[in-house]
Amino acid sequence: MNDWKRILIAVDQSQTSIKALSYTADITSNLSDAELCLLYIYPEPPPNYYSSGGSLSDYQQQKTAAAEVIFQNSMELLEKYALGEKVTTRCKMADHITISQAVLEVQAEGKFGTVVVGKRGVSKAEEFLFGSISNGIVHHCHDFTVWVVG
Amino acid sequence: MEYALDKLPQRLHGRLRHHRVTRSLRRPPQFFTDTSNFTAIDYGDIIAIDDRFLLVTGYTREGRFGIDEQVKPWVPRVEDLESEEKFILKLVFHETFDMQFGQFTINCYRNPEKEARVLELVKGHPHFMQGRSILDEANNLVRILDIVNGNRLDKFIHRGELSHQEYFYQKFPEVMRQFLKCVKGIQFLHENDLRHGDIRRDHIFVDRDTGLYIWIDFDYDFYMPERPFALDLYELGNILTYLTARARFHEKDILMHPDMGRAVLDTIVPGDLSVLSKNRIVNLKKLFPYIPDRLNNILLHFSHGTEVFYETVAELHDELGEALTVLG
């Protein structure tokens, strides 16, 4: 089992992501040896993106810029808990895999013991069609803990 | 504008002049090596591609969104003037549109490159339309498709004057055996990271000679990063439901049915309806009690009441294979 205090937090622009981040900060602010990594995963561009003249590097630049804003906002929140120095960031495209699979890849590479995700609360139909990242991670978690923050 | 007779090899002039299509033309046939503006290409014109001279002999049609069959000008029927072989061409048309699935709208588009990849992958596969892709002079990815001689599956199953019960016991087991091979075909696509994209009951043809079920039309695509194959899976469930009931059943259909009516309709609860289409019944055992539980349980995976969805087509395929054993 990986060290639970190595914590990977999936972040995006949503309110549930902020809740997940605040929850994690509450728990870890008194831990001297916690290490946090903010992770922003974005999907591949839609296939018709290329036919309309877009390039992968333009797309990745846009997403990286969006990630920077998310990281900056997240850091502001974490600094209120004096956690700023313990935080690293990672931005990655889910390349030929789903977003939940990409989160799991980063978890495995970094040997994170805890993964934190927000949960949107989707309907059954929505989950069938569009999936649920938190469910995808929970279904495939081995040797680490998942915190699903609703 | 280039005229066909100015560009065609001399040896083909006679064939063009005397072809049934050009005999009645009131204008000289034109000659195209660039298919970018496909609306300019008309009946009787020549498309020169792949060292072939293809005479446009007609256009395919398709019904969609409840609208009657519409001509698809980017999908002409053609005949090779030299060999007299007949094909369907698919010209590049980057159409995007929204499709409604229950309360959700999904952005769909035509993706010629994806269709080309599917054609390459399924070369020689008996349950997929065959064809190849080639660039025209302007680098448009034209797909040259072999014509499937046969009938739409959803028409095929209505042959004969059979009651549903007769259909279910006499015809349905063989329909399922063939459909199962189509499901396996979609599993094969997914395992190779490709979607069909437009799974519908009129996109399976039953080959007139071999009786094999054959998927057609692979150019639709959609963008669903977390569940890239969910729509294919859902639509397979829809076809399965249709093949089982030999119809779509909405609440009003139950009410109008001479053997069902109000008594059956009153047994229907929200959990019996489709997960995405809230007025379509998928718990068919309530309508046809002789449907075995094993098959009905598969249908219920696509219901609003389900607790468990199929994650992959492989799961659906395996359970359907097991259900077939009780159908005989």
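Two strands are said to pair if DSSP finds at least two bridges between them. Helices (H or I, at least four residues) and strands (E, at least two) are themselves DSSP runs, numbered from the N terminus. The model on display is predicted: local features need pLDDT of at least 70, side-chain atom pairs count only at pLDDT 80 or more, and totals for chains, interfaces and linings use all residues. Residues are numbered from 1 along each chain as its sequence is written, and chains are lettered from A and ligands numbered from 1 in the order in which they are written.

**Stop 1: the sheet of chain A**

Select strand β1 (residues 6–10) and strand β2 (residues 35–43) of chain A; these run parallel and are joined by five bridges. Within this pair, I9(A) has L38(A) of β2(A) as its bridge partner.

Next, extend the selection to the whole open sheet, whose five strands follow the order β3-β2-β1-β4-β5 (chain A) with parallel pairing. Which strands stand at the edges? They are β3 (87–94) and β5 (145–149) of chain A; each has a single partner strand, so one side of each is left without a neighbour in the sheet. Neighbouring strands are turned by 25° against each other on average, direction ignored. Here and below, axes are lines fitted to C-alpha atoms, for helices over the stretch in contact, and angles run from 0 to 180 degrees between N-to-C directions.

Now add helix α3 (residues 56–79) of chain A, which packs on the sheet and touches β2 and β3 of chain A. Contact means that the C-beta atoms of two residues, placed from the backbone, lie within 7 Å. The direction of α3 makes about 150° with that of β3(A). Helix α4(A) also packs on the sheet, touching β1, β2, β3 and β4 (114–118) of chain A, and its direction makes about 145° with that of β2(A).

**Stop 2: where the chains meet**

Display both chains: the contact takes 19 residues from chain A and 20 residues from chain B. On the side of chain A, α2 (48–51), α4 (99–110), α5 (124–130) and α6 (133–139) each supply at least two residues. The largest share, five residues, comes from α5(A).

**Stop 3: the sheet of chain B**

Select β6, β7 and β13 of chain B, three strands that form an open sheet in the order β6-β7-β13 with antiparallel pairing. The edge strands are β6 (96–101) and β13 (220–222), and each pairs on one side only. The twist averages 40° from one strand to the next. Three bridges join β7 (residues 104–110) of chain B to β13(B), and R110(B) has Y220(B) as its bridge partner there.

**Stop 4: helices around α11 of chain B**

Two packed helices are described by the angle between their axes and the distance between the axes. Select α6 (residues 164–191) and α11 (residues 313–327) of chain B: their axes come within 9 Å and cross at roughly 165°. The two helices are therefore roughly antiparallel (an angle over 145 degrees) to each other. Residues making this contact include F172(B) and L180(B) of α6(B), and L316(B) and L320(B) of α11(B).

Finally, add α10 (residues 293–300) of chain B, which packs against α11(B) at an angle of about 150°, with the axes 8 Å apart. This pair is therefore roughly antiparallel as well. In the contact, R294(B), L295(B) and I298(B) of α10(B) meet E319(B), L320(B), E322(B), A323(B) and V326(B) of α11(B).

Methods:
Angles under 35 degrees count as roughly parallel, over 145 as roughly antiparallel, 65 to 115 as roughly perpendicular and the rest as oblique.
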